[in-house]
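Thanks for coming, everyone. Let me walk you through one structure. Please have it open while I talk.

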Amino acid sequence: MTIADWTLADGAADLSGARVVYVNPAFTELTGYRPEEIAGLTPGFLPGIDPSRRELARICRALGLGQAVRAEIRGYAKDGREYWSDVTISPFQDATDGRRLVLAVQRDITAHRLELDARRLELNALREANNRLQEAVDSVSQAITLWDPRGRLLLHNKRFRDLFAPTADLIRPGVRFERLLRANVEAGVYRIEGDAEEWMEARLRCRGECGTGTDLTVAFTDGRHFRVSEQKTPRGHMVAAWVDVTEIKRVEQRLRDAIESVNEGFVLWDADQRLVLCNSRYKDLSPSDSGEACLAPQGVRLEGEHEQELPDGRWLLGSYRRTSEGGIVGIRTDITLLKQQELKLKTSEESLRVHVAELEEARSRLEAQTCALSELASRYLTARDNAEEASRIKSQFLAMMSHELRTPLNAIIGFSEMIETQALGPVGVQRYVEYARDVHTSGRHLLELINDILDMSKIEAGKYVLHRTEVDVSAVVRRCTRMVRLRADEAGIEIVETGDGGTPPDGVTVLADERALN
C-alpha cells in the first residue's frame, strides 16, 4: 500500500508533483524499496511502476473526477526484477489537515500474469500452428476434412469448399456431416441412381460401419468422379480426402468399352480374388448355374489353360495368368466350332484310313492287273511283230504274184486285143472276135484285180494315193456288167442295167479314181 498527496488542476489530476508520504512493509517486500528511500520523492506516480501513457491518462482522468480506478501495471523492483501488480487507486481527503491524498493498493499478480502470458504464448503458438496447418491443407490439391467423433466438422481446406460451392455457406467448424450431406443431396450435387433417401442412409451406414477406414467412389451430376478415402484416428476423429478420379474413370470406361468389344470373355480379379472387371462376353460364356461370373474361379486352375464342356454342348477354353500384384486375369474363348471341326477331322481321318486301306487293296489289284496287262501287251507285241512279219511276207508274195501274173496277163491282153482288132487279118468267124473281146476284157479286169490287191496292201500300209480323173459313169457300169455277164449267163442269171433314175445317160462324169470304182 502507498499513500501520496496530489493536487488538482482544472478538474484533472496532476500526479507529476505527487509526494510519497507512506508505504507499508508489503510494498517494501514487493519492490525492494524501503520507506526512507522513497519518502518525499516525486517518481511521477509510484516508484518502479511504468504505466503506459494511455493507462496513465486514464488513471489521472478517473482521479480528477474523484473516482477510483483499477489497472494491471508492470513494475520493476529495486534489483531490476520485473513484476506485475493489480493496482487499485482511490482518491480521498485527510480529515486532519484537509490534504488530498491518493491511496494505491497493489496486489502481486506476477505468477498469474506469467501464467496468462504463457497461455497467451501457447495460444498464439497454437493459432500460428493452426494457421500453418490451414495453409498446408489449403495448398493440397485434394479436398481435405477433419471430423470429430460426433461427426462435427473441425477442419477443412479451400478445395473442399470449392468442391461443394452450392452449400459453401454451411461449411464451417461445427456443422454436422449428416446435415451437410443432406444439403448437398437436396442441392443436386451428387448423381444418385434410385431413391435419394436410401442412398443417404447407405452413405451414413457406410461411414458409421467403416471401422478404421473405407474407400468409395462418388459421382457428381457434372460428370466428375471422386475417390473418397476416410480414415479414423486413434482418438476417433475422421480424416477424409477427396481425390478427383474423373480422368481415371474415363480411361477405365474406354478400357471397359475396348474389353466389351472383343469376342473373347475377359475377367480380372484382385489379389483377394474379388472381381475387378468383367465383360458381358465372359458372363455369356460362364456356366449358367455356377455363378462364376461374379466370383473367382472355384475349383479351377488359376494358371495355365484348360478346356471345359458345358451342359449345353458348348466347349470353352480358359486361360488364366497371375498379375504382378497377385491378381488373376482370365481369357475365355468359345472353341465349340473348333471342337466340332476337330471331331470332323477325326472322323475324316478314320474315313481316310479306311479309304487308304481300300486304295491299298485297289493298288494291289491294279498291280495284279498291270502284271496281266503287261503280259497281254507282251503277247500283243509278239502278235503285232508276227502280223507285221506276215504282212511283209504277204507284201512280198503279192509283189511276186503280181509280177508272175502280170507277165502272162499282158500276153493274154495283147493277143486278145490283136484278135479283137483282127490285126493279122480276118478271123472268119465273128463269134471268135466276141470271144477275143471278152478275153481281153477279162484279162484287163484280172489285171485290175491284181492292182486292187496291191492297192489294198497300200491302203493297209497307209500309202494308197487316189488318182482322181473325170470318169464316165455309164462306161463304168457297162464295163462292170460286161465283166460278170459271161458268168451270169452260165448261171442262168439275167443282168439288168438300172438305177434310181434308170441307166445313166452317156456323157455323165464324176471326179473319181476309175480303178476304185470298177
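**A sheet, a helix and some rings**

Start with a hairpin partner pair: strand 9, residues 225-232, and strand 10, residues 238-244, run antiparallel and are joined by 7 bridges. Before going further, a caution: this is a predicted model.

Stay with those two strands. Take two bridges as landmarks. Ser229 has Ala241 in strand 10 as its bridge partner. Gln231 has Val239 of strand 10 as its partner. How many residues lie between strand 9 and strand 10 in their hairpin? There are 5. Look at Gly236 in that turn: its phi is positive, about 90 degrees.

Now the other side of strand 10. Strand 6, residues 143-147, runs antiparallel to strand 10, with 5 bridges between them. Here Ala143 stands opposite Trp242 in strand 10. Keep Trp242 in mind. We will meet that residue again.

Next comes strand 7. Strand 6 and strand 7 are also antiparallel, joined by 3 bridges. Trp147 pairs with Leu153 in strand 7. These two strands form a hairpin as well, with 5 residues between them. Gly151 sits in the turn, and its phi is positive too, at about 80 degrees.

Let's put the sheet together. In what order do the strands run? The order is 7-6-10-9-8, in an open sheet of 5 strands with antiparallel pairing. Why do strand 7 and strand 8 each have one side without a neighbour in the sheet? Strand 7, residues 153-156, and strand 8, residues 213-219, stand at the edges; each has a single partner strand, so one side of each stays free of a neighbour. On average, neighbouring strands here are turned by 20 degrees against each other, ignoring direction. One general reminder as you look at it: side chains in a regular strand alternate between the two faces of the sheet.

What lies across this sheet? Helix 7, residues 196-208, lies across strand 6, strand 8, strand 9 and strand 10. Against strand 9, helix 7 runs at about 35 degrees.

**Rings**

Now the aromatics. The whole structure holds 13 aromatic pairs. One of them is Phe220 with Phe226. Their centres are 5.0 Å apart, and the planes make 45 degrees. That makes the pair tilted. Are these two residues buried or exposed? Both Phe220 and Phe226 are buried.

This pair belongs to a cluster. Ring pairs link Phe160, Phe164, Tyr190, Trp199, Phe220, Phe226 and Trp242. So there is Trp242 again, the residue opposite Ala143.

Two rings have a charge over them. Arg207 lies over the face of Trp147, 5.3 Å from the ring centre. Trp147 is the partner of Leu153 that we met in the sheet. Elsewhere, the charged end of Lys339 sits over the ring of Trp315, at 4.6 Å from its centre.

**Some helices**

Let's turn to helix 3, residues 53-64. Why does its length agree with expectation? Helix 3 has 12 residues, which at 1.5 Å a residue should span 16 Å, and its end C-alpha atoms are 16 Å apart. Several of its residues are buried, among them Glu55, Ile59, Cys60 and Leu63. After helix 3 comes Gly66, with a positive phi near 75 degrees.

Now compare two single residues. Glu29 lies in helix 1, residues 25-31. Its relative accessible area is 69%, so Glu29 is exposed; the cut-off is over 50%. Glu29 and Ala77 are 48 residues apart in sequence, yet their C-alpha atoms are 9.5 Å apart.

Ala258 sits in helix 8, residues 246-261. Its relative accessibility is 38%, so Ala258 counts as partly exposed. From Ala258 to Asn279 is 21 residues along the chain, and 9.6 Å between C-alpha atoms.

**The whole chain**

Last, step back. The chain has 13 helices and 17 strands. Of its 518 residues, 29% are buried. Take the contacts with a separation of 6 or more: residues 24 or more positions apart account for 43% of them.

To recap, remember the sheet order 7-6-10-9-8, helix 7 lying across strand 9, and the ring cluster that includes Trp242. That's my tour.

Key:
Residues are numbered from 1 along each chain as its sequence is written. This is a predicted model: local features need pLDDT of at least 70, side-chain atom pairs count only at pLDDT 80 or more; totals for chains, interfaces and linings use all residues. Side-chain values use heavy atoms; hydrogens and water are left out. Two strands pair if DSSP finds at least two bridges between them. Helices (H or I, at least four residues) and strands (E, at least two) are DSSP runs, numbered from the N terminus. Axes are lines fitted to C-alpha atoms, for helices over the stretch in contact, and angles run from 0 to 180 degrees between N-to-C directions. Contact means heavy atoms within 4.5 Å. Rings of Phe, Tyr and Trp (its six-membered ring) pair if their centres lie within 6.5 Å; planes under 30 degrees apart count as stacked, over 60 as edge-to-face and the rest as tilted. Buried means under 20% relative accessible area, exposed over 50%, partly exposed in between (1.4 Å probe, protein chains only). A charge sits over a ring if NZ of Lys or CZ of Arg is within 6 Å of the ring centre and within 35 degrees of the ring normal. The expected span of a helix is 1.5 Å times one less than its number of residues.
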